[in-house]
Amino acid sequence: EYMMAGLPDLIVCAEGLFIGLEVKLPATRSNTSARQDYVHGLINDAGGKATVVCSPIEAINTIQNTLLKHERPYT
């Protein structure tokens, strides 16, 4: 019924990598709450990626760039 506070708006699992995308308007890109910053930090520290995006294109680019930079032990 309720989503955990601070969890990104969009959760992506791509090639086994957890990516959390917080969706904001461009004018409010930096207006994340302390709880969002904390949860995003946990995701990043665990080897995932959490970030703010402001458009579908930015979301796609973030996912693609994250996958390109991610080391895959199976390749």
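**A loop, two parallel strands and two helices**

At 28% relative accessibility, Thr28 counts as partly exposed, because that class lies between the limits of under 20% for buried and over 50% for exposed residues. The structure described here is a predicted model, and in this model Thr28 is found in the loop that joins strand 2 to helix 1. Although Thr28 and Cys54 stand 26 residues apart along the chain, their C-alpha atoms are separated by 9.1 Å.

The two strands on either side of helix 1 in the chain are themselves paired: strand 2 and strand 3 run in the parallel sense and share five bridges. Within this pairing, Gly20 has Ala50 of strand 3 as its bridge partner. The connection between the strands leads from strand 2 through helix 1 to strand 3, and the resulting β-α-β crossover is right-handed.

Helix 1 comprises the twelve residues 34–45, which at 1.5 Å a residue should span 16 Å, and the C-alpha atoms at its ends are indeed 16 Å apart, in agreement with that expectation. The buried residues of this helix are Gln36, Val39, His40 and Ile43. These residues cover an arc of only 100° around the axis, which puts them on the same side of helix 1. It is against strand 2 (17–23) and strand 3 (49–53) that the buried residues of helix 1 pack, and these are the strands that the right-handed crossover connects. The face of the helix turned away from the buried side, by contrast, carries the exposed residues Ala34 and Asp45. After helix 1 comes Gly47, a residue with a positive phi, near 100°.

A further view of the interior is given by Thr62, which lies in helix 2 (residues 56–69). With a relative accessible area of 13%, Thr62 is buried, since the cut-off for a buried residue is under 20%. The side chain of Thr62 reaches the backbone oxygen of Glu58 at a distance of 2.8 Å. When neighbours within four places in sequence are left aside, the residues in contact with Thr62 are Leu21, Thr51 and Val53. Of these, Leu21 falls within the range of strand 2 (17–23), while Thr51 and Val53 fall within that of strand 3 (49–53), so that Thr62 of helix 2 is in contact with residues from both of the paired strands.

Methods
Residues numbered from 1 in each chain as written. Predicted model: local features only at pLDDT ≥ 70, side-chain atom pairs only at ≥ 80, totals over all residues. Heavy atoms only, no water. Helix = DSSP H or I, 4+ residues; strand = E, 2+ residues; numbered from the N terminus. Expected span 1.5 Å × (residues − 1). Buried < 20%, exposed > 50% of the residue type's maximum accessible area, 1.4 Å probe, protein only. Arc of directions from axis to C-beta. Contact = heavy atoms within 4.5 Å. Polar contact = N/O pair within 3.5 Å; in protein donor to acceptor, adjacent residues only side chain to side chain. Pairing = 2+ DSSP bridges. Right-handed = clockwise from strand over helix to strand, strands pointing away.
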